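Reader: I'd like to work through how to read helix packing and internal spaces in a model. Could you take me through a few cases?

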Amino acid sequence: MNLQAVKAIYIYEMSRFFRTLMQSFISPVISTSLYFVVFGTAIASRIQEVEGVSYGAFIVPGLIMLSVMTQATSNASFGIYFPKFIGTIYELLSAPISFFEVVLGYVGAAATKAFIIGAIILATAFLFVDLEIQYPLAMLAFLVMTCLSFSLLGFIIGIWAQNFEQLQLIPLIVITPLVFLGGSFYSVSMLPPIWQTITLFNPVVYLISGFRWSFFGHADVSLGMSLGAIGVFTLACMGIIWWIFKTGYRIRQ
């Protein structure tokens with residue numbers, strides 16, 4: 001494996017992240033604070049507890065997942081789209097580096113950025129609510145898997161997109177609504193029975209449910225289903241990326 005090439009891609013992508021400190025660090029803190037003001041204060045005055053957990057604490061895993069999923073997707077999609085846009089992707093294709101090493105560099109950097117954002121939001125949450133994480137190792141594992149899987153999805157979107165409008169299309173009209181409707185700010189058990197059944201067709205429910213389990217020890221779906229869902233999603237994304245590089249879809253065309 002050409003570790004030097006992977007390192008070069010990774011460092012380049014991370015340096016772009018740290019050059020935009022306001023957008024990268026301050027923005028998540030402000031956004032999280034606003035969510036706590038709106039949801040944690042206004043709504044919490046009407047909903048004291050959800051499944052034995054204060055509402056302010058209950059929404060923390062959902063807030064983290066919302067930001068991590070969108071940030072991982074956006075960072076990875078822009079990271080690979082920009083070389084396509086300016087034409088430098090052909091230098092990568094002609095260099096002595098395999099597609100696996102290219103993906104490892106870009107996806108690894110995007111996942112790292114998303115993980116940092118998640119950590120910042122978690123730290124900010126401690127300023128607003130009393131929060132106890134029952135299974136910290138499981139929480140870290142779910143966070144890493146989510147960062148990785150949605151970075152892979154973002155990489156696919158970056159290859160697929162032919163302009164900046166398409167680059168933002170999937171995160172805005174697909175991922176964000178799925179996260180909001182996936183139990184980020186409420187428990188699925190609070191819904192009428194018919195909507196509980198419909199909600200289970202939303203794949204994001206399984207990711208958020210497993211992540212919330214690591215905090216509070218209970219979830220809307222079983223832990224095994226959550227792990228299976230994120231595993232299938234990650235393998236599907238890896239399979240699509242393999243097919244993209246094998247066929248040259250929107251890379252060599």
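Author: Happy to. Keep in mind that this is a predicted model. Let's start inside, with the wall of the largest cavity: its lining has seven nonpolar residues, no polar ones and no charged ones.

Reader: Which residues line the largest cavity?

Author: The lining is made up of Ile80, Ile89, Leu92, Leu93, Val102, Phe245 and Ile251. Helix α5 gives the most to this lining, with three residues.

Reader: What volume does the largest cavity have?

Author: About 30 Å³. With the cut-off at 30 Å³ or more, the count comes to one cavity.

Reader: Now an open space. How much space lies in the second largest pocket?

Author: That pocket holds about 300 Å³. It is lined by 16 residues, and those closest to its centre are Tyr12, Glu13, Pro83, Thr88 and Tyr106.

Reader: Which helix gives the most to the lining of that pocket?

Author: α1 does, with six residues. Helices α1 (3-19), α4 (60-86) and α5 (89-94) each supply at least two residues of the lining.

Reader: And how does the lining of the second largest pocket divide by class?

Author: Here you get eleven nonpolar, two polar and three charged residues.

Reader: On to helix pairs. At what angle do α6 and α11 pack?

Author: For a pair like this, look at the angle and the axis separation together. Helix α6 (residues 99-125) and helix α11 (residues 223-247) pack at about 130°, with their axes 11 Å apart. Angles from over 115 up to 145 degrees fall in the oblique class, so α6 is oblique to α11. The crossing of α6 past α11 is right-handed.

Reader: Which residues make the contact between α6 and α11?

Author: On the α6 side they are Phe99, Val102 and Val103, and on the α11 side Ile241, Trp242 and Phe245. By class, this contact has six nonpolar residues, no polar and no charged. Two names should ring a bell: Val102 and Phe245 also line the largest cavity.

Reader: What about α7 and α8: how do their axes cross?

Author: The axes of helix α7 (residues 136-160) and helix α8 (residues 164-180) come within 8 Å and cross at roughly 135°. That makes α7 oblique to α8. In the contact, α7 brings Phe150, Leu153, Ile157, Gly158 and Trp160, while α8 brings Gln166, Leu167, Leu169, Ile170, Pro171 and Ile175.

Reader: How do the residues of that contact divide?

Author: Into nine nonpolar, two polar and no charged.

Definitions and conventions
Residues are numbered from 1 along each chain as its sequence is written. This is a predicted model: local features need pLDDT of at least 70, side-chain atom pairs count only at pLDDT 80 or more; totals for chains, interfaces and linings use all residues. Side-chain values use heavy atoms; hydrogens and water are left out. Axes are lines fitted to C-alpha atoms, for helices over the stretch in contact, and angles run from 0 to 180 degrees between N-to-C directions. Helices (H or I, at least four residues) and strands (E, at least two) are DSSP runs, numbered from the N terminus. Angles under 35 degrees count as roughly parallel, over 145 as roughly antiparallel, 65 to 115 as roughly perpendicular and the rest as oblique. A crossing is left-handed if the near helix is turned anticlockwise from the far one by less than a right angle, and right-handed if clockwise. Contact means heavy atoms within 4.5 Å. Ala, Val, Leu, Ile, Met, Phe, Trp, Tyr, Cys and Pro count as nonpolar, Asp, Glu, Lys and Arg as charged, and the others, Gly among them, as polar. On a 1 Å grid over the protein atoms alone, a cavity is a set of points where a 1.4 Å probe fits but cannot get out, and a pocket is an open set with protein on both sides within 12 Å along at least five of seven lines; lining residues have an atom within 4 Å of a point. Grid points are joined across faces, edges and corners, and a volume is the space filled by probe spheres set on the points.
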